[in-house]
Amino acid sequence: MNTFLLDMAAFFARLISLYSFFIWIRIFLSWINPYPREGSLTYYFALIVDPFLNLFRSKHFRVGILDISPIFAIAVLSLLQSLLKLFSVYGTLRFGWILSLLLQYLWSYGIQIFLMFAIIIMIVRTIATFTGSFALSRIATLADPLMKKVRETFFSRRLVKDTTLALLTLAILIAIYGMLSFILSYLISYAMRIPF
């Protein structure tokens, strides 16, 4: 294998790592200075990073005022970086490795984030139902669609307390998280053993 190609793959993997770091800096600076003026540090990071981030910006990647599209942008860069690192070390890429990486990134940057967010919101909602806190219940209104789905599925013909419904929804989310984690870890290890 040509060492020039391997060295270039390693170089581009490091370059992607640096660009991902710039994205993180841009994210943190946007919290401090959301509307950068020309000449500011945030402005220059926006010039470097925003064209790539704009490829992922969509109303589907917004949760309230929070824009989670940079997570997906970083996931794509991280996947590409991992593929380049594998190529630079082994001089080849196998289908099993690519499939394994895709499954890992699907779990780490997609399903796991969604489930963890849902579990946290359900914990807040459960605490709100036990304490009667108005502030917590306002925050936890994001859990309403989940609780509605559980109510329709399990309690369609009878009334149930909010505390029971919140606890059941939380338990279901934790069970789904554990089950998907187990299934995906099995699929990832199986994909790594694919011989081609």
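Hi everyone, this is a short tour of one protein, from its overall shape to its aromatic rings.

Please keep in mind that we're looking at a predicted model. The protein has 7 helices and 2 strands, and from the N terminus the order is α-α-β-β-α-α-α-α-α.

Now the overall dimensions. The radius of gyration is 22 Å, whereas a compact globule of 196 residues would come in near 16 Å. Along the principal axes, the C-alpha atoms fill a box of roughly 70 × 55 × 25 Å. As for the interior, 33% of the 196 residues count as buried. The exposed surface is about 12,800 Å², with carbon and sulfur atoms supplying 70% of it. On the charge side, there are 17 positive and 7 negative charges, and their mean positions sit 9 Å apart.

Let's move on to the rings. The structure holds 11 aromatic pairs. One of them joins Phe 52 and Phe 56: the centres are 5.2 Å apart and the planes meet at 65 degrees, so this pair is edge-to-face. Phe 52 is buried at 18% relative accessible area, and Phe 56 is buried too, at 16%. Ring pairs also bring in Tyr 19, giving a cluster of Tyr 19, Phe 52 and Phe 56.

Then have a look at Phe 95 and Phe 196, a stacked pair with 5.6 Å between centres and 10 degrees between planes. Why does this pair tie together distant parts of the sequence? Phe 95 belongs to helix α4 and Phe 196 to the segment after α7, so the linked parts are 101 residues apart in sequence. Here Phe 95 is partly exposed, at 44%, while Phe 196 is exposed, at 58%.

Thanks for listening!

Conventions. Residues are numbered from 1 along each chain as its sequence is written. This is a predicted model: local features need pLDDT of at least 70, side-chain atom pairs count only at pLDDT 80 or more; totals for chains, interfaces and linings use all residues. Side-chain values use heavy atoms; hydrogens and water are left out. Helices (H or I, at least four residues) and strands (E, at least two) are DSSP runs, numbered from the N terminus. The radius of gyration is taken over C-alpha atoms; the globule rule is 2.2 Å times the number of residues to the power 0.38. Buried means under 20% relative accessible area, exposed over 50%, partly exposed in between (1.4 Å probe, protein chains only). Accessible areas come from the Shrake-Rupley method with a 1.4 Å probe; for residues, only the protein chains shown count as cover. Lys and Arg count as positive and Asp and Glu as negative; His and the chain ends are not counted. The place of a charge is taken as NZ of Lys, CZ of Arg, CG of Asp or CD of Glu. Rings of Phe, Tyr and Trp (its six-membered ring) pair if their centres lie within 6.5 Å; planes under 30 degrees apart count as stacked, over 60 as edge-to-face and the rest as tilted.
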